[in-house]
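This report describes one protein chain in plain terms. Please look over the sequence and the model before reading on.

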Amino acid sequence: MNTKKLKQVFAESLNIDPSIVVDDLTFNSIPEWDSIAHMALVTEIDDVFDIMLDTDDVLDMSSFAKAKEILSKYDISFE
């Protein structure tokens with residue numbers, strides 16, 4: 001459930017097809033995921049999962065897989 005929700009957040013924030021959102025999708029690997037889109041993505045993750053990512057986590061979130069790892073620290077589980 002949360003994986004699907006996070007995938008949707010990535011797809012909508014980056015304006016990309018959800019099929020592109022896979023674990024090895026990384027920051028700057030596609031033109032849509034630049035530094036400005038990254039901040040929009042972080043904001044949307046904060047809103048959807050009702051959390052507040054700390055600065056280190058924002059900077060560390062370099063891939064979809066890493067985003068799941070970071071969110072796990074906030075007690076959000078991924079199946």
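Which residue forms a salt bridge with aspartate 23? The partner is lysine 68, and the closest N and O atoms of the two are 2.8 Å apart. This pair links distant parts of the chain, since lysine 68 is in helix 4 and aspartate 23 is in the loop between helix 1 and helix 2, 45 residues apart.

The model is predicted, with local features needing pLDDT of at least 70 and side-chain atom pairs counting only at pLDDT 80 or more, while totals for chains, interfaces and linings use all residues. Residues are numbered from 1 along each chain as its sequence is written, and side-chain values use heavy atoms, with hydrogens and water left out.

**Salt bridges**

A salt bridge here is a side-chain nitrogen of Lys or Arg within 4 Å of a carboxyl oxygen of Asp or Glu. By this rule the count comes to three.

| Lysine | Acidic partner | N to O distance |
|---|---|---|
| lysine 68 | aspartate 23 | 2.8 Å |
| lysine 73 | aspartate 57 | 2.6 Å |
| lysine 66 | glutamate 69 | 3.0 Å |

The accessibility of these residues can be put in three classes: buried means under 20% relative accessible area, exposed over 50%, and partly exposed in between (1.4 Å probe, protein chains only). Lysine 68 counts as buried because its relative accessibility is 16%, and aspartate 23, at 40%, counts as partly exposed.

The salt bridge between lysine 73 and aspartate 57 also links distant parts of the chain: lysine 73 lies in the segment after helix 4 and aspartate 57 in helix 3, 16 residues apart. Lysine 73 is exposed at 56%, whereas aspartate 57 is buried at 2%.

Lysine 66 and glutamate 69 are both in helix 4; they are three residues apart, so about one helical turn separates them. Lysine 66 is partly exposed at 24%, and glutamate 69 is partly exposed at 48%.

**Helix 4 and helix 2**

Helices (H or I, at least four residues) and strands (E, at least two) are DSSP runs, numbered from the N terminus. Helix 4 covers residues 64–72, and its buried residues are Phe64, Ala67, Lys68, Ile70 and Leu71. These lie on the same side of helix 4 because they cover an arc of only 165° around the axis, the arc being that of the directions from the helix axis to the C-beta atoms. Among the elements that cover them are helix 1 (2–14), helix 2 (35–49) and helix 3 (55–60), where contact means heavy atoms within 4.5 Å.

Helix 2 has 15 residues and reaches 21 Å from its first C-alpha to its last, close to the expected 21 Å; the expected span is 1.5 Å times one less than the number of residues. Its buried residues are Ala37, His38, Leu41, Val42, Ile45, Asp46 and Phe49. Their cover includes helix 1, helix 3 and helix 4.

At the N-terminal end of helix 2, aspartate 34 acts as a cap, with a side-chain oxygen 3.3 Å from the backbone nitrogen of isoleucine 36. Aspartate 50 follows helix 2.

**Positive phi**

Most residues other than glycine have a negative phi. Aspartate 50 has a positive phi of about 50° although it is not a glycine. Aspartate 50 is found in the loop between helix 2 and helix 3 and, at 70% relative accessibility, counts as exposed. Aspartate 75, also not a glycine, has a positive phi of about 65°. Aspartate 75 sits in the segment after helix 4 and is exposed at 75%.

Key:
A polar contact is a pair of N or O atoms within 3.5 Å; within protein, one must be able to donate a hydrogen and the other to accept it, and residues adjacent in sequence count only if both atoms are side-chain atoms.
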